[in-house]
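The following exercises concern the assembly of two chains and the pairing of strands. Each task is followed by a worked solution.

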2 protein chains.
Amino acid sequence: MKSEELKNVRGSIDYGGKDAIIRNFISKTLQETFEKYGYSPLETSILCYYDILALKYDEDNDILKEIYKVTDQGNRNLALRYDLTVPFAKYIASNTNIKLPYKRYEIGKVFRDGPIKKGRTREFVQCDIDSVGIEGQMIEAELISIFVEGYRRLGIDIIIKYNNRKLMNGIIEICNIDNDKTSQVITIIDKIEKLSYEEIKLEFDKIGIKENQIETIMKYLKMEFNELNKVIKNVSNIKLKEGLNEIEKLNRYIKDLNLTEYVRFSPTLARGQEYYTGTIFEVYVANGSIKSSIGGGGRYDNMIGEFINDGKKYPAVGISFGLDVIFEILREKQTYLYNTEVYIIPRENNTLALKIADELRKNEVKVDIEMNNLKLKKALSIINEKKVPIVIILGENEIKENKIIIKDMKNNFQILEDMKDYMETIQEILSIGEIKYNILNPGGNKTALIKGCEYTNNQKKLINKMIMDKYSQVEQVGFLSNIINRLEMAGGEFCMNATRCAIYEYSKENKEKVELSVSGTNKKLIGRKLNDNKVEVKLDIGKNIEDLIETKNDFTCVKIDGILIAILDEEKSKKYIQKLRENEETTKNELKQLMITEIASEEKAIGIMLLEKESGKIKINPIVWVKEIDTVFYETACGSGSLGIAIYNYLKNKDKKIELIQPSGYSINIELEGNKNYIKNAIISGIIEEE
Amino acid sequence: MKSEELKNVRGSIDYGGKDAIIRNFISKTLQETFEKYGYSPLETSILCYYDILALKYDEDNDILKEIYKVTDQGNRNLALRYDLTVPFAKYIASNTNIKLPYKRYEIGKVFRDGPIKKGRTREFVQCDIDSVGIEGQMIEAELISIFVEGYRRLGIDIIIKYNNRKLMNGIIEICNIDNDKTSQVITIIDKIEKLSYEEIKLEFDKIGIKENQIETIMKYLKMEFNELNKVIKNVSNIKLKEGLNEIEKLNRYIKDLNLTEYVRFSPTLARGQEYYTGTIFEVYVANGSIKSSIGGGGRYDNMIGEFINDGKKYPAVGISFGLDVIFEILREKQTYLYNTEVYIIPRENNTLALKIADELRKNEVKVDIEMNNLKLKKALSIINEKKVPIVIILGENEIKENKIIIKDMKNNFQILEDMKDYMETIQEILSIGEIKYNILNPGGNKTALIKGCEYTNNQKKLINKMIMDKYSQVEQVGFLSNIINRLEMAGGEFCMNATRCAIYEYSKENKEKVELSVSGTNKKLIGRKLNDNKVEVKLDIGKNIEDLIETKNDFTCVKIDGILIAILDEEKSKKYIQKLRENEETTKNELKQLMITEIASEEKAIGIMLLEKESGKIKINPIVWVKEIDTVFYETACGSGSLGIAIYNYLKNKDKKIELIQPSGYSINIELEGNKNYIKNAIISGIIEEE
């Protein structure tokens with residue numbers, strides 16, 4: 001057989017891959033919702049006797065044509081169910097031990113040999129919940145709650161239109177329309193929202209409704225409930241009275257349960273013709289992006305009784321979720337649901353791969369393993385297509401050192417992790433999700449700014465590590481709150497350059513000045529973006545100069561918020577600058593030792609500034625140690641350090657303005673405001689470039 | 001239509017109630033398991049072209065007879081799928097964008113018009129997982145893990161038999177059996193475990209296998225793998241070599257992944273005839289209570305390729321869980337899964353009921369509401385049938401006092417709870433589950449002993465409250481460990497009578513003496529049940545009498561482990577005994593005040609003993625205050641108090657033996673051992689009766 005012959009029956013679809021994952025998510029979510037409301041599952045058979053399915057219809061009804069007939073070896077007259085309501089009635093009829101009230105849900109395939117269009121197949125899933133044996137509006141209010149909760153959990157904003165069939169029938173009666181025209185009139189009413197007034201009039205006219213009747217009926221159907229209630233409350237028509245009463249009761253529940261925002265009374269809502277006897281519902285997407293309803297239902301107090309025909313009453317009400325249209329919505333929203341969370345590439349360490357997979361699965365992580373010993377590149381390309389968020393690579397060399405490679409595919413990060421820590425790291429990566437960030441260059445001292453600062457400390461440390469590993473030039477990582485203007489550094493310190501970067505970012509939204517709070521300081525900072533891509537920040541100081549400065553051994557120390565700036569004069573700096581150029585690593589450690597022994601400060605960060613002259617200007621060499629994350633950097637620019645030097649310079653030379661060359665070659669300009677020994681504030685400015 | 005005509009098609013079953021809940025639990029559990037292993041869902045259509053289903057079979061094959069044929073309006077030649085493997089192959093063939101390896105699971109209905117018996121219907125659910133595109137044993141080891149994990153989560157202990165078809169074919173070849181007899185021989189081998197040796201021989205004989213061939217083949221099939229491997233390793237037969245090699249590889253994975261206890265190599269396992277090409281599995285219930293297999297599968301490297309026939313290779317391996325037989329097992333095990341956890345009876349407080357229900361559902365509790373305003377008795381009888389564990393009753397009087405009634409239906413307890421605390425209490429009750437307890441009467445001072453002491457403090461307090469509310473005569477609640485001999489009182493205190501009760505309980509298992517640890521003391525206690533239902537306990541004291549006794553105002557205080565016994569002599573007791581008889585509540589509070597002001601002790605419990613004479617014996621009146629749970633009881637018997645009095649009596653009269661009449665009228669006897677001022681230990685004995 002050629003493979004093109006191995007095709008599906010027209011109107012039957014196979015759902016695989018992402019589609020099947022979405023469909024499973026919908027069923028599971030709805031199932032959980034229904035069970036929380038006390039509905040129990042029912043699984044009825046797909047095969048039915050044709051006679052049962054045909055029972056309710058005339059021989060020439062279209063529905064009968066759409067029933068698939070089945071033949072078996074015993075030549076029975078069988079068929080496939082076309083809905084879940086007939087099997088529900090059959091179940092109640094044939095299980096006499098069922099006590100009412102009975103609340104059930106069923107999610108299952110039904111078959112209709114009808115026209116096909118998008119979202120309409122011949123073999124499709126219905127998702128029904130019904131209760132039988134309960135009268136009154138309390139259960140109807142519960143069904144509204146279930147609609148709200150079910151769609152909320154699916155991430156779809158809805159509006160539920162509701163009406164009452166008794167009310168509608170009453171209105172038709174009081175307009176003196178003949179009883180035998182009722183169902184035709186309802187069919188027309190159902191079209192009111194779709195057609196123009198002229199078109200509707202024409203339709204009414206066709207079935208012989210008089211001008212004044214049309215006007216009366218149209219008048220009533222345009223009213224809000226309260227108005228309608230006032231106008232027709234005293235008209236003596238039983239259906240009208242009952243209908244109004246039921247709507248009032250339902251409205252009270254809706255109000256008490258805070259459901260008002262989800263519902264809308266819709267007097268033109270008719271919902272088919274037969275079978276409904278009271279409240280009816282129809283659910284629409286709130287933003288109207290989809291015109292057809294995505295769910296519906298109502299009360300049908302007579303149908304099951306007529307079907308079973310045992311003389312008993314079976315008051316019933318039910319709703320149905322449109323699984324196929326929900327599927328189309330979630331599919332278009334690109335709702336992504338990971339089937340596999342971690343993919344392990346064993347590189348021939350098969351047993352280890354199986355063991356790590358088992359360990360992860362014990363921690364509820366979904367794991368798959370590459371088992372064809374593919375080349376790494378090929379394996380990764382497959383994973384990329386599958387959209388797996390995390391990959392573990394068991395490289396031979398890494399394993400020898402008790403390490404494994406963890407790739408965060410969503411963010412395109414990679415970490416070399418100790419074998420003993422992989423579980424924690426993987427769970428952190430899964431909990432972090434997708435990270436949005438921007439890398440800025442504030443004249444050297446490149447800074448990564450993460451959008452969002454609502455991460456735990458462990459998450460922040462991991463993000464810091466991943467960013468630093470990926471971008472070797474990035475010297476620090478900050479987190480920007482999405483809610484307020486706030487910058488938090490990974491180490492909790494205060495950083496002037498990062499502050500200027502944060503102002504740059506926030507000024508994208510609020511063009512004027514930006515007021516900002518920053519970790520490591522209690523002060524509010526104010527800054528703004530200037531025209532030439534420079535960003536300035538104003539720092540409130542408000543202190544006498546002698547309170548800011550302290551001498552510690554060879555160092556003149558200036559206390560800036562969150563960091564102690566320790567300045568070594570040009571003469572004393574020479575030795576260390578020389579050493580730095582010869583061996584940066586050893587020298588940084590030597591300076592860290594000096595910070596511990598000679599400077600000894602409680603601040604979260606300490607920075608030693610080595611000064612030198614360059615073409616008449618002062619050039620700085622900042623070595624900064626952030627205690628919390630224990631990093632020592634020879635920074636390519638340092639804003640706080642520059643400010644410290646400006647204060648030191650003012651003490652020495654009484655110059656309020658200074659330009660300082662950063663190791664990157666860029667300048668930072670400082671201007672101090674105040675008088676005599678009192679410094680009121682400082683304005684720090686310099687260029688910022690996006691990477 | 002009469003209701004008896006609304007019946008199911010023969011071989012089609014509707015699953016409702018508990019059955020549907022069990023079936024949902026099975027699907028959900030397996031689905032979660034499969035997804036943890038990287039298998040993605042597939043939902044293929046039920047309707048298929050008949051030709052595709054018939055493709056692999058001769059026209060007169062029995063399988064074809066069992067296919068249900070379907071007719072549609074277009075007179076297409078349709079049918080219902082009879083398994084999930086053909087639709088799987090069809091899906092691969094018609095979706096050329098699927099990259100191999102492809103791992104999928106499908107849980108869905110299939111239809112076979114065949115014979116019916118228990119656990120075999122015509123419309124049933126198959127539950128398959130398969131991978132295509134992976135060779136080798138790593139994936140086979142993964143499938144064994146999935147069997148183990150899947151059945152573990154379903155609560156079924158299994159043993160997986162495995163074999164290899166290459167090995168089996170190899171053995172048949174080296175026995176020089178004609179190739180055209182191979183499949184007949186395999187059919188006979190498959191019966192070896194069911195038939196006697198004579199019967200098997202007869203079957204072989206029938207198809208012309210010679211005596212010596214039969215002996216050789218039977219010899220091989222009885223060997224353990226290692227023996228078989230040794231004997232035939234050097235025989236030059238390719239199938240044999242490959243089979244042995246594959247089993248060895250699989251064995252290594254099984255060993256490394258600690259799966260040995262779940263598997264058994266079974267050289268006679270054949271599993272059908274065609275289609276399998278390598279490893280095969282069959283799963284059995286470990287205790288053998290069900291003879292037929294409950295799952296199975298194997299490698300079938302050629303089948304999909306032959307089906308699609310596009311010249312490509314489709315190595316495949318899959319397993320299948322027998323959903324229907326698993327359902328029968330869980331059903332018989334009476335595995336109970338609650339569909340509804342809390343049932344609210346509104347007593348006309350409908351809105352409040354809906355609100356409480358919503359609140360509970362937000363906390364993931366499954367809630368149903370009585371909506372027909374039934375009489376309380378009728379409503380409770382319905383709930384009893386539904387086996388709902390918790391009932392909330394919104395009684396009018398209770399609501400007025402901001403209280404609700406919570407009934408723990410599993411344990412038949414009832415609490416009147418503050419409205420603000422209901423959520424916590426309900427979650428505690430759900431977490432506690434079923435409580436087993438026994439109420440004993442140690443000569444008054446009735447004690448409830450709960451089996452198990454691994455409860456949290458909150459759970460203990462709740463259980464204490466529920467027991468005390470239910471049994472007004474019970475004065476205290478203790479918890480007995482199921483693991484060691486240990487008694488923990490709800491208040492953490494030490495209680496002599498409860499200790500005797502605990503010894504009574506534990507001595508049901510270990511007849512001789514019982515060694516016990518008890519809350520409130522570090523000492524081990526030894527006790528035993530005597531012949532006349534008396535229980536004695538030996539308490540190690542080891543102290544001089546002056547170290548035990550202290551005078552505090554009017555009281556002679558004796559420090560027993562965990563409780564301070566404060567004795568008032570007969571003369572001074574008179575006043576309080578009089579008052580107690582007049583107004584017990586006020587007097588208990590007055591005595592509690594005395595304990596706080598005049599006795600002032602750090603002990604977890606304080607007991608005041610009021611003494612009086614009764615027919616020449618001493619009668620005691622014990623008022624005991626347990627601080628942790630803040631209860632003051634006029635106890636009907638007090639073991640610790642009796643011991644305190646015995647010590648006090650020894651100090652006064654040098655009598656080592658004393659009989660003390662308890663308020664209940666029963667006696668407790670104390671015998672002290674030691675010499676002079678030194679008391680070595682005390683033996684406390686008295687009657688214990690089961691309630």
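**Exercise 1. Determine which residue stands opposite Trp625(B), and describe the hairpin to which the pair belongs.**

Solution. The model is a predicted one.

Step 1. The partner of Trp625(B) is Val632(B), a residue of β29(B).

Step 2. Strand β28 (residues 617-626) of chain B pairs with strand β29 (residues 631-634) of chain B in the antiparallel sense, and the pairing comprises 4 bridges.

Step 3. The hairpin of β28(B) and β29(B) has 4 residues between its strands, and in it Asp630(B) adopts a positive phi near 45°.

**Exercise 2. Establish the operation that superposes chain B on chain A, and name the kind of axis involved.**

Solution.

Step 1. Chain B is brought onto chain A by a rotation of 180° with 0.0 Å of shift along the axis, at an RMSD of 0.2 Å. This is the relation of a two-fold axis.

Step 2. Among the residues of chain B, Val70(B) comes closest to the rotation axis, its C-alpha lying at 2.2 Å.

Step 3. Strand β3 (residues 69-71) of chain A pairs with strand β3 (residues 69-71) of chain B; the sense is antiparallel and there are 3 bridges. Within this pairing, Lys69(A) stands opposite Thr71(B) of β3(B).

**Exercise 3. State how much area is buried between chain B and chain A, and explain why the copies are said to meet through the same surface.**

Solution.

Step 1. The size of an interface is often expressed as the accessible area lost when the parts come together. Between chain B and chain A about 8,600 Å² is buried, and carbon and sulfur atoms give 54% of this area.

Step 2. Chain B contributes 97 residues to the contact, and chain A contributes 97 residues.

Step 3. Because 99% of the interface residues of chain B are also interface residues in chain A, the copies meet through the same surface.

**Exercise 4. Describe the polar and charged contacts across the interface of chain B and chain A, then the composition of the chain B side.**

Solution.

Step 1. The interface of chain B and chain A holds 14 salt bridges. One of them joins Asp14(A) to Lys90(B), with the closest N and O atoms 3.5 Å apart; this distance satisfies the cut-off of within 4 Å.

Step 2. Between chain B and chain A, 42 residue pairs are in polar contact, with both residues at pLDDT 80 or more.

Step 3. On the side of chain B that touches chain A, helix α1 (residues 17-36) of chain B supplies the largest share, 8 residues. The residues of that side comprise 43 nonpolar, 22 polar and 32 charged.

Technical notes
Residues are numbered from 1 along each chain as its sequence is written. Chains are lettered from A and ligands numbered from 1 in the order in which they are written. This is a predicted model: local features need pLDDT of at least 70, side-chain atom pairs count only at pLDDT 80 or more; totals for chains, interfaces and linings use all residues. Side-chain values use heavy atoms; hydrogens and water are left out. Contact means heavy atoms within 4.5 Å. Buried area is the accessible area (1.4 Å probe) that two parts lose on being put together, summed over both. A salt bridge is a side-chain nitrogen of Lys or Arg within 4 Å of a carboxyl oxygen of Asp or Glu. A polar contact is a pair of N or O atoms within 3.5 Å; within protein, one must be able to donate a hydrogen and the other to accept it, and residues adjacent in sequence count only if both atoms are side-chain atoms. Helices (H or I, at least four residues) and strands (E, at least two) are DSSP runs, numbered from the N terminus. Ala, Val, Leu, Ile, Met, Phe, Trp, Tyr, Cys and Pro count as nonpolar, Asp, Glu, Lys and Arg as charged, and the others, Gly among them, as polar. Two strands pair if DSSP finds at least two bridges between them. Copies are superposed by least squares on the C-alpha atoms of residues with pLDDT of at least 70 in both.
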